[in-house]
Amino acid sequence: MFYYYFSNWERLIKIDPEAAAKTHMNNLPRVIRALEIYDSTGITKTEWDRRSKERELPYDVSMAIIGFSSRELLYSRIDRRVHLMMDAGLLDEAKNLFEKGLLSSDKPAFQAIGYKELLGYIEGRESLEEATEELKKATRRYAKRQMTWFLAKD
């Protein structure tokens, strides 16, 4: 595994030393992304970033934030959304991904809300109701972080 990290890191240093200097060698996703940009375009990530800042955007950007004054309403909508996701097959999708070994704690997709909360049920450590409640709680916490983040941006 170390060789894999090191060989990609060494390659990035040769291709794009500026991007390598800004990226820790153990940050494999960023190292690989910088190499992918070069491999698919022939342009280094550093050059790609520079070019993206050169031209003016053809549109104006505005942001509208919709807040919830009623936490009760927000929570009921989150609960409904979780039930809709479960009805649409979230549990089967998570089971399938875990069984294939595509979802483990070292994979970025495991960080998504939904999968890790269902793992307790899939592994038989908790009931489906408990896992679903964990999913609702995680979604509520995420909504709270979003609201806090947007309020801090005023």
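## Exposure and helix α6

A residue counts as exposed when its relative accessible area is over 50%, and as buried when that area is under 20%. The model described here is predicted.

In α6, Asp 92 and Glu 99 are exposed. They sit on the other side of the helix from its buried residues, which are Leu 90, Leu 91, Ala 94 and Phe 98. Viewed down the axis of α6, these buried residues fall within an arc of 95°, so they line one face of the helix. After α6 comes Gly 101, which has a positive phi, near 75°.

## Nonpolar cores

In soluble globular proteins, nonpolar side chains tend to be buried together. The largest nonpolar core in this model comprises 16 residues. Within this core, Met 86, Leu 90, Phe 98 and Leu 118 have the most contacts. Two or more core residues come from each of α5 (71–87), α6 (90–99), α7 (115–122) and α8 (128–152). Leu 90 and Phe 98 are also among the buried residues of α6.

What does Met 86 touch, leaving aside its neighbours within four places in sequence? Its contacts are Leu 91, Leu 118, Leu 128, Thr 132 and Leu 135. Of these partners, Leu 91 is one of the buried residues of α6, and Leu 118 is one of the residues with the most contacts inside the core.

A second core, separate from the largest one, has 7 residues, including Leu 12, Ala 19, Ala 20 and Ala 34.

## The second largest pocket

The second largest pocket holds about 210 Å³ of space. Its lining draws at least two residues from each of α2 (17–22), α3 (28–41) and α4 (45–54). Which helix gives the largest share of this lining? That helix is α4, with 5 residues.

By class, 7 lining residues are charged, 2 are polar and 2 are nonpolar. Among the residues that line the pocket are Glu 18, Lys 22, Arg 30, Lys 45, Asp 49, Arg 50 and Lys 53. Thr 23 and Thr 46 line the pocket too, as do Ala 19 and Ala 34. Ala 19 and Ala 34 also belong to the second nonpolar core.

## Pro 29

Helix α3 contains Pro 29. Is this residue buried or exposed? Pro 29 counts as exposed because its relative accessibility is 58%, and the cut-off for exposed is over 50%.

Between Pro 29 and Phe 110 there is a separation of 81 residues in sequence. In space, the two are 15 Å apart, C-alpha to C-alpha.

Definitions and conventions. Residues numbered from 1 in each chain as written. Predicted model: local features only at pLDDT ≥ 70, side-chain atom pairs only at ≥ 80, totals over all residues. Heavy atoms only, no water. Core = buried A, V, L, I, M, F, W, Y, C linked by side-chain atoms within 4.5 Å. Buried < 20%, exposed > 50% of the residue type's maximum accessible area, 1.4 Å probe, protein only. Helix = DSSP H or I, 4+ residues; strand = E, 2+ residues; numbered from the N terminus. Contact = heavy atoms within 4.5 Å. 1 Å grid on protein atoms, 1.4 Å probe; cavity = no way out; pocket = protein on both sides within 12 Å on 5 of 7 lines; lining within 4 Å. Points joined across faces, edges and corners; volume = space filled by probe spheres on them. Nonpolar A, V, L, I, M, F, W, Y, C, P; charged D, E, K, R; others polar. Arc of directions from axis to C-beta.
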